4 protein chains.
Amino acid sequence: MKAIADFCIIPIGVGTSLSPYVAECQKIFQKHQLNYSLHSYGTNVEGPWDEVFVALKECHERLHHMGAPRVSSSIRLGTRTDREQTLEEKIESVRQKQLG
Amino acid sequence: MKAIADFCIIPIGVGTSLSPYVAECQKIFQKHQLNYSLHSYGTNVEGPWDEVFVALKECHERLHHMGAPRVSSSIRLGTRTDREQTLEEKIESVRQKQLG
Amino acid sequence: MKAIADFCIIPIGVGTSLSPYVAECQKIFQKHQLNYSLHSYGTNVEGPWDEVFVALKECHERLHHMGAPRVSSSIRLGTRTDREQTLEEKIESVRQKQLG
Amino acid sequence: MKAIADFCIIPIGVGTSLSPYVAECQKIFQKHQLNYSLHSYGTNVEGPWDEVFVALKECHERLHHMGAPRVSSSIRLGTRTDREQTLEEKIESVRQKQLG
């Protein structure tokens, strides 16, 4: 089962500069060879369900190792059985409707 | 690593009555012997990280088997290394501050 | 338009004890006479759309006044035109399916 | 108070093709002259708090008018008092850390 997810990971108890933590997560998604794309309030991640969640677990663990005593994520998660759809196709599908 | 999660699972393409699908997920959390609690916009689920995510995956699979071509979840996920805290303790902690 | 919302409000840059901030938000929901219910990863809030969002804005402002330089909320928001449904009815609807 | 939000709006009861509804919301953000950016699981929206939420309300209303009996949104919402930060600066801040 393929998953398309959107992760917004917030380390708590490390002050207000969160970008070093988000940057570490990007490296983890890259290492796991997932298709991912950073935006201004999270990161889209696409891949096999188990791979996506192994990477998410590694993100939480990494942030704790970087010193965050608490980590709170907000996640959106989509699966579908009717057809395959990539991150890029989801955006393209909306763009076509805007032109129409 | 223990996780406290909050799942809101939406089957798409099955009409507007979603409660039969949410009820199925409750049975899955129960089967996995997780501590869980239904509220009006999701379900709190507490347990070992891997158990929690095995149950979530089973929820998505079950909803597809029940006929939903798409399933979209909104999830909150918390981990902490500073101390243990249960679902019940999180609520109690807020209640005490309200009285204070 | 009536809204049923679920708010999880995280003050950032104030350490790891968040319950005093969540408790303040409960007082704000009460003051605005909204139907609300605390759970372990957020608060269900029900009322007229504009009232619900005035209260949410007041929560963000209050947390900043309490010293949080950043506040990040995760919100679920539901509206429906097919019928009225209260917080309590949403839970009852799932419970009945579990018994069935 | 400026807000940076991330909206993922799901019309329920209209089948599985959601892109026409998402496209309508893009037009609403544009009409309100908000800074916005579509990604694969939502839309980043930046602007004055009240403007952002007027647009969100209009999205829910529009989707109901388009025939959706239920609409469920998942929203992230950030405010900060320590400094100004745009959608673009948030991404740039992470990119710099990845290089570092």
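Student: Which strand of chain B is joined to strand 1 of chain B, and by how many bridges?
Tutor: In this predicted model, strand 1 of chain B, residues 2-12, is joined by nine bridges to strand 4 of chain B, residues 70-80, and these two strands run antiparallel.

Student: What stands opposite Pro11(B)?
Tutor: Opposite Pro11(B) stands Val71(B), which belongs to strand 4 of chain B.

Student: And what holds strands of a sheet together in general?
Tutor: Strands of a sheet pair through backbone hydrogen bonds, and the pairing can be either parallel or antiparallel.

Student: OK, how many strands does the open sheet have, and in what order?
Tutor: The open sheet has eight strands with antiparallel pairing, and their order is 2(A)-3(A)-1(A)-4(A)-4(B)-1(B)-3(B)-2(B), in which strand 4 of chain A stands next to strand 4 of chain B.

Student: Which ones are the edge strands?
Tutor: Those are strand 2 of chain A and strand 2 of chain B, residues 35-39 in each case, and each of them pairs on one side only.

Student: By how many degrees are neighbouring strands turned against each other?
Tutor: On average, neighbouring strands of this sheet are turned by 20 degrees against each other, if direction is ignored.

Student: Switching topic: how many residues of chain B are in contact with chain C?
Tutor: There are 27 residues of chain B in contact with 27 residues of chain C.

Student: Where does the largest share of that side of chain B come from?
Tutor: Helix 3 of chain B supplies the largest share of the side that touches chain C, namely seven residues, although strand 1, helix 1 (19-31), strand 2, strand 3 (42-48) and strand 4 of chain B also supply at least two residues each.

Student: What is that side like by class?
Tutor: The side of chain B that touches chain C has ten nonpolar, eleven polar and six charged residues.

Student: And chain D with chain A, how many residues are in contact there?
Tutor: In that case 27 residues of chain D are in contact with 27 residues of chain A, and helix 3 of chain D gives the most to the side of chain D that touches chain A, with seven residues.

Student: What turn lays chain D on chain A?
Tutor: A turn of 180 degrees, with a shift of 0.0 Å along the axis, lays chain D on chain A with an RMSD of 0.0 Å, and that is the relation of a two-fold axis.

Student: Which C-alpha of chain D is nearest the axis?
Tutor: The C-alpha of His39(D) is the nearest in chain D, at 3.6 Å from the axis.

Student: Why do you say the copies meet through the same surface?
Tutor: Because 100% of the interface residues of chain D are also interface residues in chain A.

Terms used: Residues are numbered from 1 along each chain as its sequence is written. Chains are lettered from A and ligands numbered from 1 in the order in which they are written. This is a predicted model: local features need pLDDT of at least 70, side-chain atom pairs count only at pLDDT 80 or more; totals for chains, interfaces and linings use all residues. Two strands pair if DSSP finds at least two bridges between them. Helices (H or I, at least four residues) and strands (E, at least two) are DSSP runs, numbered from the N terminus. Axes are lines fitted to C-alpha atoms, for helices over the stretch in contact, and angles run from 0 to 180 degrees between N-to-C directions. Two residues are in contact if their C-beta atoms, placed from the backbone, lie within 7 Å. Ala, Val, Leu, Ile, Met, Phe, Trp, Tyr, Cys and Pro count as nonpolar, Asp, Glu, Lys and Arg as charged, and the others, Gly among them, as polar. Copies are superposed by least squares on the C-alpha atoms of residues with pLDDT of at least 70 in both.
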